Every structure is written in C-alpha cells, then in structure tokens.
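Open the model in your viewer and show it as a cartoon, with side chains ready to switch on. The stops below go from one selection to the next.

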Amino acid sequence: MLELRHAARRFGRRLVFTDLDLDVPAGDRVFLNGGNGAGKTTLLRCLSGTLTLSAGRATVSGHPVGSLAARRLTGVCLTPEQGLYEKLSARENLALVARLRLPRRNVRGAVSGMEDEFHLSGYADLPVERCSAGMRARVSIARALVGEPELLLLDEPGRSLDERARQLLWQALDRRPTLACVIASHDPDDRSRCRSSLTLVAPG
C-alpha cells in the first residue's frame, strides 16, 4: 500500500532524516517512534504529499504521494484539533472530503455514517470555530476516514481526545482491518495497538 525508498528530507543545511525505507502493506499499523525533532511529523507530511522529499520516492498503491490518485487514497490527520475550515460546520468539513473520494450520490450517507461512528450528531451543524479542542479532534479524525481511504496518517491522535473519544478512534480502526496506518505518537497504548514500529533518530 505505502512504499518509501531511500527517502531524505532536509531544510536548508539541516538534515531531518536520510536513506529511509518503509513498507506498509494493507492492514498493517506502523508506530512512528522518536523524540522531539526526530522528524516524525516531517515524515508524515512527506507521505501525505504536503511536503516534498529532498531525495528518494514514496508511493501509495503505486501512485506518487501528492498526486490526485494518492490523495484520494490517503486520510490525513496531522493536527487533530486544527486544520479544519473554522467557519464551516463539522458536517460541511466532512462533506468537502467526501466529495473528493466518493460519487455525489454517496456523500450524504458517508457523512452521516461518520457522524454516527464518532458521535458528532450533537454538534454537527455547529461552526468548527465554536467547538472545543476535543470536539474538533473528533471531527478531524472522522474527516480523515470519511470515504474509506486505504491509508491513514495520524500525528499524536490522542492529544486532544478524552478516554471515550480514544475508544471511538480505535474501534473505528478495528472496523477497517484492511486499512494501512502510520501513527506518530509518544503514547504506549498507541504503540501496543500497532503491529510494527519505526524509530526515527535526529541526525547528530
């Protein structure tokens, strides 16, 4: 599903990571481990296509990351309580992504399904700017999963979630046994739920 070969990223003279290889087959969950500054978020941004690699290549189901085909297959939640359209409602934020991944006739049902799965119905019509950080985090994760992507990228997904919302997240992932996931986190519970791991070390 996800393939990374000889990947490197630098910012000016600062090398973040180099010669990195990663394979994530369908159904696998990879835990990204490493201290602050090790490059976990940078790597996720490169895999999502929002940041280009300085060297190497990355593909999602054979499509270069950042291409339209790869974006349609990739759910991204890099800032769980941010990154939403603040003036739009939770429902409208979900619908925007659903329209990119699904035929128009399937959008409403997919959005409604995510509202039910993440218990969003009580505030689905509320502008996101009026939601708490925890509420926004739920919407962000639901948005990443709407339309059933084949790859999911999560950065510290539990940072703004209470215990119940964390349960909803892992229940949602368990319902999708073929979903490939890459999860950056410091939480041991997140690590225990992943099948493999990759440790990033900041270059000395």
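Select helix α5 in this predicted model. Of its 13 residues, 10 are buried, so α5 is largely enclosed by the rest of the structure. Colour the buried residues to see the run: Arg136, Ala137, Arg138, Val139, Ser140, Ile141, Ala142, Arg143, Ala144 and Leu145.

What do these buried residues pack against? Show β6 (74-77), α3 (90-101), α4 (104-117), β7 (151-155) and α6 (163-174); the buried residues of α5 pack against each of these elements.

Now check the length of α5, residues 133-145. At 1.5 Å a residue the helix should span 18 Å, and its end C-alpha atoms are 19 Å apart, which agrees. Just after α5, click on Gly147, which takes a positive phi of about 85°.

Next, keep α5 and add α6. The two helices pack at an angle of about 5°, with their axes 11 Å apart. With that angle under 35 degrees, α5 and α6 are therefore roughly parallel to each other. Turn on the side chains where they meet: Arg138, Ile141 and Leu145 come from α5, and Arg164, Ala165, Leu168, Leu169, Ala172 and Leu173 come from α6. By type, the residues of this contact of α5 with α6 are seven nonpolar, no polar and two charged. As for the spacing along a helix, residues three or four places apart point the same way because an α-helix has 3.6 residues a turn.

Stay on α6 and select Arg166, which is found in this helix. Is Arg166 buried or exposed? Its relative accessible area is 10%, and the cut-off for buried is under 20%, so Arg166 is buried. Leaving aside residues up to four places away in sequence, Arg166 touches Gly158, Leu161, Asp187, Asp189 and Asp190. Draw a distance from Arg166 to Asp190: the pair is 24 residues apart in sequence and 9.9 Å apart in space, C-alpha to C-alpha.

For the last stop, hide α6 and show α3 with α4. These helices pack at an angle of about 130°, with their axes 9 Å apart; α3 and α4 are therefore oblique to each other. Their crossing is right-handed. The contact is made by Arg91, Leu94, Ala95, Ala98 and Arg99 on the α3 side, and by Val107, Val111, Met114 and Glu115 on the α4 side. The residues of this contact of α3 with α4 comprise six nonpolar, no polar and three charged.

Definitions and conventions:
Residues numbered from 1 in each chain as written. Predicted model: local features only at pLDDT ≥ 70, side-chain atom pairs only at ≥ 80, totals over all residues. Heavy atoms only, no water. Helix = DSSP H or I, 4+ residues; strand = E, 2+ residues; numbered from the N terminus. Expected span 1.5 Å × (residues − 1). Buried < 20%, exposed > 50% of the residue type's maximum accessible area, 1.4 Å probe, protein only. Contact = heavy atoms within 4.5 Å. Axes fitted to C-alpha atoms, helices over the stretch in contact; angles between N-to-C directions. Parallel < 35°, antiparallel > 145°, perpendicular 65-115°, else oblique. Left-handed = near helix turned anticlockwise from the far one by under 90°. Nonpolar A, V, L, I, M, F, W, Y, C, P; charged D, E, K, R; others polar.
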